[in-house]
Amino acid sequence: PKAAAAAIDRPRGIVRPEEFRHRAPFDSLRDYLACMEECGLLVRFRDVDQDAWEATAIMYHLQDRFGQYELPVVMFENIKQDGKWRKGPLIAANQSHHHQEALVWGLEPDWSNPRNSYRVGLGYMRRLLATNKGDYPQIPPVTVAREQAPCKEVVLEGDAIDLTSLAFIQGNPGDAGRYINTGSTVTRDPEWEQNFGTYRCQLVGPRRYILNSEPNQTANNMIARAIKRGEKSMPIAMFLGQDPVTWMVSGTRVPVSPRKPVDEYAYVGGLRGKPLEIVKCDLSELTVPASCEMVLEGTLDLTQPLEEGPYHEAYGYLGDRNTGRFAVTVNRVTHRRNPIVQNSFTSIGGGFVKAPLDGYVDALWRAKYPQIQQLYYHDDSKGLLYVSIRKDRPGLGLEIAKAVSERSLIAKVVIVTDDDLDVMSQSDMLIALGSRWQPFKATQL
C-alpha cells in the first residue's frame, strides 16, 4: 500500500501519451501494462499469501485509500494458494483509474483532475458516434498464421494440462473455490455466428471448470439453442490476458446489437483504429486474439447440469448457488511464455473503461432530451444515477428523471441537477440534496 501511494501521488503533469514508449493502440495486455507502469499507474507486490487473504485485503485497502476510480493496476508477482506458491504475475484492477479512460484511446488525460480524463474519453466516444451514424466504427480483424501468434508459443495437451498450477485464486472466503473470472468465452451458433463474453468459471479440476453464463447472456442462449437442437456437446474456447479494448468489449454491451449477428472483433478494431490480429483455434473453427496470454480449448458437456457457486457479487453480498450450469473439459492449452493471469475482485474497482458504453447511453438520451449535459452512474454507490441538465422549462427535471428511471434497469434512484454541478462528484450531489432539493415539489415515487 505504501508503494501504491507513492506511485499514484507522483506528479505526472509533464508526461504526455505521445512521449510514452508504449502507447495506444495496444496490441497486447503486456503493452498496456508497460504504459501503465510508465505513467505511475501500476504497483507491484512480490509475495502474497492468499491463503491468509492478503491479496483481497490489499485490494480493499487500496480502494479505501484511493477510491473506486483512482485505483492503480495491481500486480502480484507470486501468490500462495491452497498451500502452494504459484508463479504470477497475477494482475487486478486492470481498468479502474479514470486516467485510463483517456490513455486506452491514446488521448491525453487531465493529470490534475481524473474525472476530466473520463470526460476526455467520453468526448472521444461522442465524436465517433456522431461521425458513424450513431454506432462505433468497424475494422475487420486480420487472421494471422499460427506461427505468427504469440498465444501459440507453448502447447499443452491431455494430462500435461493442470490449470490448478496457475495463479487462479479464491477471492473471498465464501466462494465455492478458485475461479477463472476474467476469461473471454468463445461460442458459436449456426445462425448467430461467433460470440465472446466474460463469464466467471469455477475451477473444479486440473482440466475442468464450470461455466456460469447467466440467463439472457449470449453464451447461455447459444447453449439453450444447442440443447434444443439435440446436441450433446459443443466446442468452446476461452482466451485470457486480453488487450484493453478486447477486454472492455468482452465485459460490456459494446457493441449494442440490434438482435442480429455482429463481428465483435471488428468493433474492437474500429475502437482501436487498427485491425485486431486473430488466429484460428487448433481444435475448432473458433478464433481468438493472436496476442492474448492464454487459450483454453475444450468441450462443453450439455448432458449433465451442475451447480456453480456461491460467489461474491458486485454489491458486496454472497450470491447463491446457480443450477443448470455445464462443465468444460479442457483438451488443449496454448499460451505465451510466462503468461500473465488476471483476476477480478468483484465490487473492487471499475472493471473496465466506462466511456464506450456510456457513449451509447449518452447519445440515446441526448437525442431525446438535448437539455441533458451528462448522465453518470456511480459504481461506488450502487443504484444511484445522476443527470445534469440545462433546464429550459418548468417540470423538465421530473420529466427526465421519470423517463430515465423507467428505462434504466439498475437505477433505483434518479437525481436530476442543474448543469453547474458535477454529477461525477459525490460531494456535489450530496450538497445539492441537502441545500437545493425541495422534496414536496421535486419528488416522485
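1. Helix H2 lies across strands S1, S2 and S3 and runs at about 110 degrees to S1. Contact here means heavy atoms within 4.5 Å. Axes are lines fitted to C-alpha atoms, for helices over the stretch in contact, and angles run from 0 to 180 degrees between N-to-C directions. Helices (H or I, at least four residues) and strands (E, at least two) are DSSP runs, numbered from the N terminus.

2. Some ground rules. This is a predicted model, in which local features need pLDDT of at least 70 and side-chain atom pairs count only at pLDDT 80 or more, while totals for chains, interfaces and linings use all residues. Residues are numbered from 1 along each chain as its sequence is written, and side-chain values use heavy atoms, with hydrogens and water left out.

3. The sheet under discussion is open. Its 4 strands come in the order S1-S2-S3-S19, and the pairing is mixed. S1 and S19 stand at the edges with a single partner strand each, so one side of each has no neighbour in the sheet. Two strands count as paired if DSSP finds at least two bridges between them. Strand S3 (residues 84–92) and S19 run parallel and are joined by 2 bridges. Leucine 90 stands opposite valine 341 in S19.

4. Strands S1 and S2 also carry a salt bridge. The side chains of glutamate 77 and arginine 44 meet at 3.2 Å, N to O. Glutamate 77 lies in strand S2 (residues 73–81) and arginine 44 in strand S1 (residues 42–49), so the pair ties together parts that are 33 residues apart in sequence. The term means a side-chain nitrogen of Lys or Arg within 4 Å of a carboxyl oxygen of Asp or Glu. Glutamate 77 is partly exposed, at 25% relative accessible area. Arginine 44 is partly exposed too, at 38%. The cut-offs: buried is under 20% relative accessible area, exposed is over 50%, and partly exposed is in between (1.4 Å probe, protein chains only).

5. How many salt bridges does a search of the whole structure find? The search finds 33. One of them joins arginine 272 and aspartate 27, at 2.6 Å from N to O. Arginine 272 sits in helix H8 (residues 264–272), and aspartate 27 in the loop between helix H1 (2–9) and helix H2 (29–38), so the pair ties together parts that are 245 residues apart in sequence. Arginine 272 counts as buried at 10% relative accessibility. Aspartate 27 is partly exposed, with a relative accessible area of 34%.

6. Another salt bridge links two loops. Aspartate 379 pairs with lysine 354, their closest N and O atoms being 3.7 Å apart. Aspartate 379 lies in the loop between strand S20 (372–377) and strand S21 (384–389), and lysine 354 in the loop between strand S19 (341–342) and helix H9 (355–368), so this pair ties together parts that are 25 residues apart in sequence. Aspartate 379 is buried at 16% relative accessibility. Lysine 354 is buried at 10%.

7. Look next at strand S18 (residues 322–335). It is mostly covered, with 10 of its 14 residues buried. Its partners include S5, S10, S14 and S15. Strand S5 (residues 154–157) runs antiparallel to S18, with 4 bridges. Strand S10 (residues 208–211) also pairs with S18 in the antiparallel sense, over 4 bridges. There, arginine 208 stands opposite threonine 329. Strand S14 (residues 294–301) pairs with S18 in the antiparallel sense over 7 bridges. For strand S15 (residues 306–308), the antiparallel pairing with S18 has 2 bridges. Glutamate 308 has asparagine 322 of S18 as its bridge partner.

8. Arginine 332 of S18 deserves its own point. Glutamate 157 stands opposite arginine 332, and so does glutamate 297. These residues also appear in a network of salt bridges that links Arg146, Lys152, Glu157, Asp282, Glu297 and Arg332.

9. On cysteines: the structure holds 0 disulfides. The criterion is a pair of cysteine sulfur atoms within 2.5 Å. The cysteine 35 sulfur has its closest cysteine sulfur in cysteine 39, 4.3 Å away, which is too far for a bond. Cysteine 35 is buried, with a relative accessible area of 1%. For cysteine 281, the closest cysteine sulfur belongs to cysteine 151, at 8.1 Å, again too far for a bond. Cysteine 281 is buried as well, with a relative accessible area of 1%.
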